[in-house]
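Open the model in your viewer and keep the selection panel at hand. The tour goes from the ligand to the domains and then to the core.

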Amino acid sequence: MTDAVAALEAAGVGMSCSRRRGAVVEDCSFRLPQGRICALVGPNGAGKTTLLRLAAGLLRPARGTLSVLGRTPAAARGRVAYVAQSKPLHPHLSVADTLRFGAELNRDTGRWDQPAAERIAYGDETLDPFTKIRALSGGQRTRVALALALGKRAELMLLDEPMGDLDPLARRQLTGALMAAAESGTTIVMSSHVITELESSCDFLLLVAGGRLRLAGALEEVVSAHTLLTGTSALDTSRQTVIEQRSVGRGRTALVRADGAPVGEWLAERPTVEEVVLAHLRNTQAPPLLAEEAAPESARRAPHARSQENAA
Ligand SMILES: Nc1ncnc2c1ncn2[C@@H]1O[C@H](COP(=O)(O)OP(=O)(O)OP(=O)(O)O)[C@@H](O)[C@H]1O
């Protein structure tokens, strides 16, 4: 049980974009503690951007409630940086003017960090500060958009596929900058399709599919809740929560919840983050898992409330 204010807390959040399309986010409940680097993963069209836009206060939930740093998303906006997938910037401004604009917009907070913004924007110093935004490559635009977010020293950074068009060195530099920001208390939520990079850069996971939350929790807790089985015998599915079974050569592998002992000749191992995430992406109907640290206050209160009801 923690009394600390969560970076994000969602209770039954739902959102529909049109009547014909139906819900694009449905019944999302989770808690993201502050200071985490959270990977938001899911297939195309899963609802990741919609969730980020809800947290940024650019959309309002049709159902449920969402709080950001203990306030409504609109009230928390000054403490949040949002970098959209399309990295919108003013095309006629130069890079230097864009950073000046960022400094000006954040003057009242007294938190603007010009050296940090310049380090990210100019990277290896090959970029001329007087280059217009419209003349930048996709990766250079991304660097400038992220420079604005990091320069703001926001308490919560919402990044929609930030690494997509960065080269490997820039990715490494940006990951380092994000980890340093998290060490000083910033919470980062970043959507990504690059599962292999999650383990080294993130410590929290939200996996969505079909607008619903499938996995939520500290990465370590989510991975430890699963076991990878390898064997040749038939798996007794009545004794295990099976996420996925696959044939490998003459044998089989199965990713199961670590909630029951396998029967028969099975080698049980700890899966990698990638194995857990890929299995849930392949089987989006697998039972969801809300690990303890990701349980929202309403869910934490529920057992206590129930025991009080029973006592009455
Ligand atoms: N303005 C809109 N009007 C109608 N439908 C929308 C709108 N915005 C998003 N959607 C639908 O909502 C669903 C979720 O979209 P969203 O952009 O949140 O997915 P995503 O997980 O970010 O996808 P990707 O990985 O492809 O970026 C999609 O099916 C999309 O078509």
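## Stop 1: the ligand shell

This is a predicted model. Select the residues around the ligand: Cys17, Ser18, Arg21, Val24, Gly42, Asn44, Gly45, Ala46, Gly47, Lys48, Thr49 and Thr50. Two elements each give two or more residues to this shell: β1 (8-18) and α1 (48-55). Which of them gives the most to the shell around the ligand? Colour α1, which leads with three residues. Now colour the shell by residue class. Seven of its residues are polar, three nonpolar and two charged.

## Stop 2: the two domains

Next, select domain 1 as 35-54 + 71-203, and domain 2 as 226-288. Put a centroid on the C-alpha atoms of each: the centres of domain 1 and domain 2 are 37 Å apart. Then go to where they touch. Domain 1 puts six residues into the contact, and domain 2 puts in five. On the domain 1 side, four of the contact residues are nonpolar, one is polar and one is charged.

## Stop 3: the core

Now turn to the largest nonpolar core, which has 82 residues. Select Cys38, Ile188 and Leu205, the members that touch the most other members. Add helix α4 (residues 138-151), the top contributor to this core with seven residues. Show both domains again: domain 1 and domain 2 each supply at least three residues to the core.

Finish on Ile188. What does Ile188 touch, leaving out residues up to four places away in sequence? Select Ile37, Cys38, Met157, Leu159, Leu178, Ala181 and Ala182. Cys38 is thus on screen twice, as a contact of Ile188 and as one of the core members with the most contacts to other members.

Methods
Residues numbered from 1 in each chain as written. Predicted model: local features only at pLDDT ≥ 70, side-chain atom pairs only at ≥ 80, totals over all residues. Core = buried A, V, L, I, M, F, W, Y, C linked by C-beta atoms within 7 Å. Buried ≥ 20, exposed ≤ 12 C-beta atoms within 10 Å, placed from the backbone. Helix = DSSP H or I, 4+ residues; strand = E, 2+ residues; numbered from the N terminus. Domains from an automatic or database assignment. Contact = placed C-beta atoms within 7 Å. Nonpolar A, V, L, I, M, F, W, Y, C, P; charged D, E, K, R; others polar. Near = placed C-beta within 6 Å.
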